[in-house]
2 protein chains.
Amino acid sequence: MTRVQAGLTREGIVEAALHIVDGQGLRRLTMRRLGDALGVEAMAVYHHFPRGKDQLLDAMIEHVAAPPRPPAEGDWEQRLRTWAQAYRVKLLEHAGALPLLFTRPVPEAVAFPSLEGRLAAFTEAGLDEEAILDAAHALAAYVLGHVILEVQAEAPGQPPTPPPDGRHPHLARLRPRETARTWDGRFTAGLDAVLPTR
Amino acid sequence: MTRVQAGLTREGIVEAALHIVDGQGLRRLTMRRLGDALGVEAMAVYHHFPRGKDQLLDAMIEHVAAPPRPPAEGDWEQRLRTWAQAYRVKLLEHAGALPLLFTRPVPEAVAFPSLEGRLAAFTEAGLDEEAILDAAHALAAYVLGHVILEVQAEAPGQPPTPPPDGRHPHLARLRPRETARTWDGRFTAGLDAVLPTR
DNA sequence: TGATCGTACTTTACTATGTAAAGGCGGTGG
DNA sequence: CCACCGCCTTTACATAGTAAAGTACGATCA
């Protein structure tokens, strides 16, 4: 039996793991399944992630939720809008892995380059120091929260709800418009509110 | 052996489960541990949640993430601020259960009374129909996203990061102010941005 | 060339977990 | 007194993470 070096790498393992999560959900990401996907025994992964599955999940969230850097071109508002849209898209690419966001923080070192760019943009907007920090926080929170709502809505398993009746007049009035609204439209409209007015 | 009726109820089971999650984390919520906490065998839970752990988790998120109803008193802005603060506090009470937010939506029927109240407030603010929906979405997203950030920051295990250096001048300048900012202060400041200007 | 050794994997084995299936026990209505 | 039902227990099994020890391959050095 010629034993071939499988040539595992941390990156390759993380990508295979994300592929499983995307296709079958976090629940079904197991060391054995991951090994199978890589053509290797489960325990082989421990050579690259000695702390086991926990460390693997750390690496996954770092890959999935690392905020991108804002573009260098454009005025501050355009750069922030582009950043927000890019981060939203990136997060949605691996929606199945996002529960990890509540479990483990993205390492600061990974977030810093992105944050620096956002702070620069808000500085250009002419805000004072406190306002810069608050605006950056509001924007990041909005993007993350939007993604929660979009993921929830896109997921299956929402039991059909009886249409809002007389006890919920506002809801009843607005419901058709609400179901017609795209997630993209909602996201952009929310950005208008969250970004400082010029 | 006198076998005593344990008198389990769905509510009691959910509360015991949340108690375990609060104290030991989602990972350590197991059917056996839950049984022990209730003075019962693991399988007893299945009588009340026939679909098993999955159904239990559904019930937990419904309990933890059901948005409160805005107060009836006060002007629209005050009601929305109070609502946002209350929801934030409620979510943080069971931060350990929040990863479930990405897995399962809060049933619409549970969210409707709260949403109705928020829509009423935004209507009072004088927005047109589309703007009402967008503002409600932005507010909800902001609260949820803020909670992600607050939970992440409050959790242990953030590896100590070298202070930002010359490559991150804005970060370096703003860092002291950032670490001094309270989460409450940040949250409130973000609300100012997200709520429509009168 | 052959001995030595570290790296990258495999084997084996153990404990924990979710849950199907079937069993038992006490109370209730006939 | 008996049959039934609601609530819980017992038993059993497939699957999970992972510790510990084993094995093969290539590089390094004598």
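This report describes two contact surfaces in a predicted model, one facing DNA strand D and one between chain B and chain A.

**The surface near DNA strand D**

DNA strand D is surrounded by 23 residues, and the closest of these are A:Arg32, A:Tyr46, A:Lys53, B:Glu41 and B:His48. Sorted by residue class, the surface near DNA strand D holds ten nonpolar, seven polar and six charged residues. Seen from the side of the nucleic acid, 66% of the atoms of DNA strand D within 4 Å of the protein belong to sugar or phosphate, while the rest belong to bases.

Three side chains of chain A can be described by the distance from one of their polar atoms to an atom of DNA strand D, as set out below.

| Side chain | Atom of DNA strand D | Distance |
|---|---|---|
| A:Arg32 | base nitrogen | 2.5 Å |
| A:Arg33 | phosphate oxygen | 2.8 Å |
| A:Lys53 | phosphate oxygen | 2.7 Å |

The side chain of A:Arg32 thus reaches a base nitrogen of DNA strand D, whereas the partner of A:Arg33 is a phosphate oxygen, and A:Lys53 likewise has a phosphate oxygen as its partner. The elements that contribute two or more residues to this surface are helix H2 (31-38) of chain A and helix H3 (45-48) of chain B. Of the elements, H2(A) provides the largest share of the surface near DNA strand D, namely three residues.

**The interface of chain B and chain A**

How many residues of chain B are in contact with chain A? There are 59 residues of chain B in contact with 59 residues of chain A. The size of an interface is often expressed as the accessible area that is lost when the parts come together. Between chain B and chain A the buried area is about 5,700 Å², and carbon and sulfur atoms give 66% of it.

Charged side chains also pair across this interface, where the rule finds 14 salt bridges; one of these joins the side chains of B:Glu130 and A:Arg181, with an N to O distance of 3.6 Å. Polar contacts between chain B and chain A amount to 20 residue pairs, counted where both residues are at pLDDT 80 or more.

On the side of chain B that touches chain A, at least two residues each come from helix H6 (108-124), helix H7 (129-154), helix H8 (169-180) and helix H9 (183-194) of chain B. H7(B) gives the most to that side, with 18 residues. By class, the residues on the side of chain B that touches chain A comprise 33 nonpolar, eleven polar and 15 charged.

Key: Residues are numbered from 1 along each chain as its sequence is written. Chains are lettered from A and ligands numbered from 1 in the order in which they are written. This is a predicted model: local features need pLDDT of at least 70, side-chain atom pairs count only at pLDDT 80 or more; totals for chains, interfaces and linings use all residues. Side-chain values use heavy atoms; hydrogens and water are left out. A residue is near a molecule or strand if one of its heavy atoms lies within 4 Å of it. A polar contact is a pair of N or O atoms within 3.5 Å; within protein, one must be able to donate a hydrogen and the other to accept it, and residues adjacent in sequence count only if both atoms are side-chain atoms. Helices (H or I, at least four residues) and strands (E, at least two) are DSSP runs, numbered from the N terminus. Ala, Val, Leu, Ile, Met, Phe, Trp, Tyr, Cys and Pro count as nonpolar, Asp, Glu, Lys and Arg as charged, and the others, Gly among them, as polar. Contact means heavy atoms within 4.5 Å. Buried area is the accessible area (1.4 Å probe) that two parts lose on being put together, summed over both. A salt bridge is a side-chain nitrogen of Lys or Arg within 4 Å of a carboxyl oxygen of Asp or Glu.
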